[in-house]
Amino acid sequence: MSYNSYQNYQQGGRIHKQPYHQRESGSNFSQNLDHQLASQDKKQAFRRTVDHGNNMARWFIEKSLGINTRHQQPIGVVRPESSYLIDLLPSLAYSSSFNLDRRNNKNNMGALDLDTKLVHLSSNKVKHSINTVKWTPEGRRLLVASHSGEFTLWNGMTFNFETIMQAHESPILTMQYSNNDEWLLSGDQNGTVKYWQPNFNNVNNITAHSNGVRDIAFSPNDSKFLTCGDDSMLKIWNFSNGQEERTLTGHNWEVKSADWHPDLGLIVSGSKDNLVKLWDPRASQCIATLHGFKHTVNTTRFQPCGTKRLLASVSRDRSCRVFDLTTMKDMLVIRDSETDLSCCAWHPHHASMLTTAAFNGSINHYLLNSYIADSNESIPKKVNTNITNETGSVEAVHRIPYAHERAIHALEFHPMGHLLCSAGSDKTARFWSRARPNDPMAWKDAVYTDDKVGAWYYTLNNNVNAVMEDV
């Protein structure tokens, strides 16, 4: 038996390949082994999870038992004590469609559903600016599209990294899932639009614009889709064969955003020429032009729930305008930001909740039904102290001043409404949830105090249901 075979036999079949200097010193080897074991322990750190399963199950059980079927949960049920966490129901339970006991609650239940707590920060090893994010239709994963043309998938509950793939050869500027959740379209800076199946199998590519594709929207029945780009045009495409059907011309500069109404035959677009236009997709004609903004219109979005008769737009003139489609007038003008606004998002279940993001990395949440119009004579003036009657505006119900280090390019609510994801120029995607009862550090995070010492995001509370000591 050779010497090496004998050593292998003595060590129970385990062969230790060590550098020469470690063979000479057993103490160095033991120190190296202790270091390896310590690093393995660090990798087994507890993964933070936002549990939305228990409160959803509790809500269905209460409904099956006849509890909270006709009347909504009163606001006072959830109190700032950790044992009341079990009474925090899912977002759908607080939506206006279930608000059958308004006289009891008196106020908007969306106040309990503000996503204000930073849960997790996700970033790739090779960092790139993020232009758009989308939750997968079932809400299990978050799809992040970066400036490098890559798709990155993150787990929607534990926020683990799952996979990454090279989807485009140029920066991805927009993505959109179809209404039937069976297709994904993505557009890049070269003007290419790609068709993707849910398993990310690329089945078709079309050249939609001569320059970058800024936004994509599906028609209500998914038979057509809309694209807008830097060539100042909007185009309507047949989804099945990828052929262009109509071209909407009228903007004089880059078209930054577009949306297709879920019920009405209506298209909206916002451009760098400061204009917001409403289009009839059947006649390819502009039916209205809104001249309220004084700078580039970055985002325009129809209201996805409730009456679906509101249109929100944000611009680089530091204002957000909420347009009423029934009266064809601006219902509300929000001038509440210290810098230019970059994007906005409606909550999927609260028809009056609107969230805006700015170029300085801040996020503001608004409840639009806290605004009372001056034209209603039956309501006394200045009932709500948050209203500035001179400007017809409303103040934010919650602010996150340092949500990101740089400009925010994307806001996306989880389909269930309990999570909000934001991403932008600081090359990170951040997850936000509702603050838990009895969390004294809820408003002492770095996103509120700007106290970012070292790798501050690694000191986040690993379990959002845990109560942190107030030091």
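The following questions and answers concern a sheet, aromatic pairs and charges over rings in a predicted model.

Reader: Which strands stand at the edges of the open sheet of four strands?

Author: The strand order in this sheet is 2-3-4-5, with antiparallel pairing. A strand at the edge has a single partner, so one side of it is left without a neighbour in the sheet. The edge strands are strand 2 (130-135) and strand 5 (161-166).

Reader: What is the bridge partner of Thr132 in strand 3?

Author: Strand 2 and strand 3 (residues 141-146) run antiparallel and are joined by five bridges. In strand 3, the partner of Thr132 is Ala145.

Reader: Is the pair of Trp59 and Phe60 stacked, tilted or edge-to-face?

Author: The ring centres of Trp59 and Phe60 lie 5.6 Å apart, and their planes meet at 45°. Planes under 30 degrees apart count as stacked and those over 60 as edge-to-face, with the rest between. The pair of Trp59 and Phe60 is therefore tilted.

Reader: Is Tyr195, the ring partner of Trp183, buried or exposed?

Author: The rings of Trp183 and Tyr195 have centres 6.5 Å apart and planes at 80°, so this pair is edge-to-face. It links distant parts of the chain, with Trp183 in the loop between strand 6 and strand 7 and Tyr195 in strand 8. Trp183 is partly exposed at 22% relative accessibility. Tyr195, at 3%, falls under the 20% limit and is therefore buried.

Reader: Over which ring does the charged end of Arg316 sit?

Author: The distance from the charged end of Arg316 to the ring centre is 4.4 Å. The ring in question belongs to Phe359.

Methods
Residues numbered from 1 in each chain as written. Predicted model: local features only at pLDDT ≥ 70, side-chain atom pairs only at ≥ 80, totals over all residues. Heavy atoms only, no water. Pairing = 2+ DSSP bridges. Helix = DSSP H or I, 4+ residues; strand = E, 2+ residues; numbered from the N terminus. Phe/Tyr/Trp six-rings, centres within 6.5 Å; stacked < 30°, edge-to-face > 60°. Buried < 20%, exposed > 50% of the residue type's maximum accessible area, 1.4 Å probe, protein only. Lys NZ or Arg CZ within 6 Å of the ring centre and 35° of its normal.
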